[in-house]
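Trainee: Let's go through this model together. Where should we begin?

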Amino acid sequence: MPSSSDEWEIIAKRFEQLWHYPNCIGSMDGKHVVIQSPINSGTEYFNYKHFFSIVLFALVDADYNFLFVDIGCQGRISDGGVFKNSTLHKKIESGNMNLPSPKPLPGRNKNIPYDILADAAFALANNVMKPYSGIHNIGSKERVFNYRLSRARRTVENAFGISSAVFRILRKPLLLEPEKAELVVMAIVHLHNFLRKSKSSRSIYTPPGTFDSEVEGQVIQGSWRRVETPLTSLHNIRNIPRRSPNNAQEVREEYANYFLTNGNLPWQNYV
């Protein structure tokens, strides 16, 4: 992970440049990695979908690279639970992430903290933004915000997707004990980042068309979604509703208002 505010600022600028989402330092998500029933584990690794798993939790930057990974939590733990027990959450809570100081969104006046983008499985917080719950009318503030957040969050979904598509061991349950499964998955994460580093290896590992793309709100699915064999080893985490603090809701409102005014995209009111 970045260790200085300048390094985090570089990541935030990439999110703003590529995804039109300012003050963002990453998108996070978690996946169940299916494993065989561990010896003498009882129900520790048995999840709500009724199979055994360990959880892969990750923070991804604007260029589909893994910044932080926590792998190995028992499958019975939810996304939010994995995040709260991770080093990433502890650093955020203690103020040891060395994030840049809060600043206004472009053209606005209210100071906004640097945020991580999450889905509904996580709790809304000052440094964690999630969608508004419910179904909203086209063009409404809530729907526009949800679209803009999910648009930028696509990076973590695609990072998981291409890893599963290329490293075929993730297409089926891992017939390993949890400790060995952790090592295999962590190795895949490192290989993914390594292959994304240089231009030559990147063009082979993720040629044009690999990731999802978008033209004026119309999503063009990446080639990783069209693999012939179903991706059976990575599964979504359970969504557990949580109450959000008022100050975090105010931060989300400021983003929503920004997306409707200073930071609007021409096609956002029609998706």
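Mentor: With the cavity count. This is a predicted model, where local features need pLDDT of at least 70, side-chain atom pairs count only at pLDDT 80 or more, and totals for chains, interfaces and linings use all residues. Residues are numbered from 1 along each chain as its sequence is written, and side-chain values use heavy atoms, leaving out hydrogens and water.

Trainee: How many cavities of 30 Å³ or more are there?

Mentor: A cavity is a set of points on a 1 Å grid over the protein atoms alone, where a 1.4 Å probe fits but cannot get out. Points are joined across faces, edges and corners, and the volume is the space filled by probe spheres set on them. By this rule, the count of 30 Å³ or more is 1.

Trainee: Which helix gives the largest share of the lining of the largest cavity?

Mentor: Lining residues have an atom within 4 Å of a point. Among them are Phe160, Ser163, Val185, Ile188 and Val189. Helices are DSSP runs (H or I, at least four residues), numbered from the N terminus. The largest share, 3 residues, comes from H5.

Trainee: Is His192 buried or exposed?

Mentor: His192 sits in helix H5, residues 178-197. Buried means under 20% relative accessible area, exposed over 50%, partly exposed in between (1.4 Å probe, protein chains only). The relative accessible area of His192 is 0%, so His192 is buried.

Trainee: Which residues, including one tyrosine at 205, does His192 contact?

Mentor: Contact means heavy atoms within 4.5 Å. Neighbours within four places in sequence are left aside. The partners are Tyr64, Asn65, Phe66, Ala159, Ile162, Ser163, Phe167 and Tyr205.

Conventions:
Helices (H or I, at least four residues) and strands (E, at least two) are DSSP runs, numbered from the N terminus. On a 1 Å grid over the protein atoms alone, a cavity is a set of points where a 1.4 Å probe fits but cannot get out, and a pocket is an open set with protein on both sides within 12 Å along at least five of seven lines; lining residues have an atom within 4 Å of a point.
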